[in-house]
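User: I'm new to reading protein models. Could you walk me through this one, feature by feature?

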Amino acid sequence: YLVRIVLVITSSIDYTVDYLIIKYGQKVCFRRLNVDMLDKYQIEITNNEWRISTSTWSVSNKNIYSIYYRKPILPNLNIYEPQYQQMIGKDIIATLTGLIDSFTGLVLSKPCILRKSENKIFQLRANQSVGFKMPNTLITNDTEKAINFTKNRDIIIKPITTGKIQHNNKFEIFQTNLIEDINYDISLTPIYLQEYIYKSYEVRLTIINGIFYSVKIESTNKIDWRDAKAKNKYTSIEIPTKIKNKCIQMLNQFHLSFGAFDFIVNENNEWVFLEVNPNGQWLWLEQELNLNISCEIINLLVGA
């Protein structure tokens, strides 16, 4: 690889970045900013440039080649009074996203693009031109309409956003579940409902810079294979050409070089699109099936 500086913006518990640095650190000049340890870094933004420094290194927008925007976590802000913590957290995110979004070089991927493309409503609208087969979907805060949608068929409920809540150093995860009925007022809490599709199996399709890595997932959990108790079997699988073309069309529409697509393959062998995660996890698949996803990510980040 060419000796080019890659700035990685993430957190101290991002094990995927640990893996990349161990595997490629002899060939790539990584500079890592752990947002949860922000006090270890000095950020300086002026009229002409921005600079990030530590006691051992310093980089600027003028000497880095690319940015890998991963999974930042806010620092523990409990030293401040509670009424100021939210404002300070917003200021940290605004500083970093402004710094990244304004960078004129390669970014995988810019926060402004991620915010738009990971939005479930935006994905629904985008699919009108792409044309994936999708489950019947309703996102609403109308209790009566939600009740009617759930009548006489199996319905799942899933998070509209990330489904992750942080309590200090602990996380609470909300996952996809079957919903039997709605007996509470949702007028202040929009919910995401989808018709349950009976599946033969699921597929995680990871695309990086036009390279496809498709994995068949057979799970003991027929609702959500991500459940911690699920036992999953992973195998590589061929992708229909029309599915490949639609994926590329959607990535181009979102201006993305990376996407992790989730599909159900139903009992009629039809591929049903669920969602695309523009910043999805991929390391466990590389390790399960000896895939080469990390190499393609590095190739993109260093312009190889």
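**Contacts, strands and sheets**

Analyst: Let's start with one residue. Apart from neighbours within four places in sequence, Ile-155 is in contact with Phe-149, Thr-150, Asn-177, Leu-178, Ile-179, Leu-193, Gln-194, Glu-195 and Tyr-196. Contact means heavy atoms within 4.5 Å. This is a predicted model, where local features need pLDDT of at least 70, side-chain atom pairs count only at pLDDT 80 or more, and totals for chains, interfaces and linings use all residues. Residues are numbered from 1 along each chain as its sequence is written, and side-chain values use heavy atoms, with hydrogens and water left out.

User: Is Ile-155 buried or exposed?

Analyst: Buried means under 20% relative accessible area, exposed over 50%, and partly exposed in between (1.4 Å probe, protein chains only). Ile-155 has a relative accessible area of 1%, so it counts as buried. Ile-155 sits in strand β9, residues 155-158. Its C-alpha atom is 6.6 Å from that of Leu-193, although the two are 38 residues apart along the chain.

User: How do I read a sheet, and which strands stand at the edges of the one with four strands?

Analyst: Strands (E, at least two residues) and helices (H or I, at least four) are DSSP runs, numbered from the N terminus. Two strands pair if DSSP finds at least two bridges between them. Here, four strands make an open sheet ordered β2-β1-β6-β7, with parallel pairing. β2 (29-34) and β7 (106-108) are at the edges with a single partner strand each, so one side of each has no neighbour in the sheet. From one strand to the next, the twist averages 20°. Inside the sheet, β1 (residues 5-10) and β6 (residues 66-69) run parallel and are joined by four bridges, with Val-6 opposite Ser-66 in β6.

User: Which helices lie across β1, β2, β6 and β7?

Analyst: For angles, axes are lines fitted to C-alpha atoms, for helices over the stretch in contact, and values run from 0 to 180 degrees between N-to-C directions. Helix α2 (residues 82-101) lies across those strands at about 140° to β6. Helix α8 (residues 293-302) lies across them too, at about 150° to β7.

User: What is the pairing in the sheet β3-β4-β5?

Analyst: The pairing is antiparallel in this open sheet of three strands. β3 (42-45) and β5 (58-60) are the edges, each with a single partner strand, so each has one side without a neighbour in the sheet. β3 is joined to β4 (residues 50-53) by four bridges, and Glu-44 stands opposite Arg-51 in β4. Helix α2 turns up here as well, lying across β3 and β4 at about 60° to β3.
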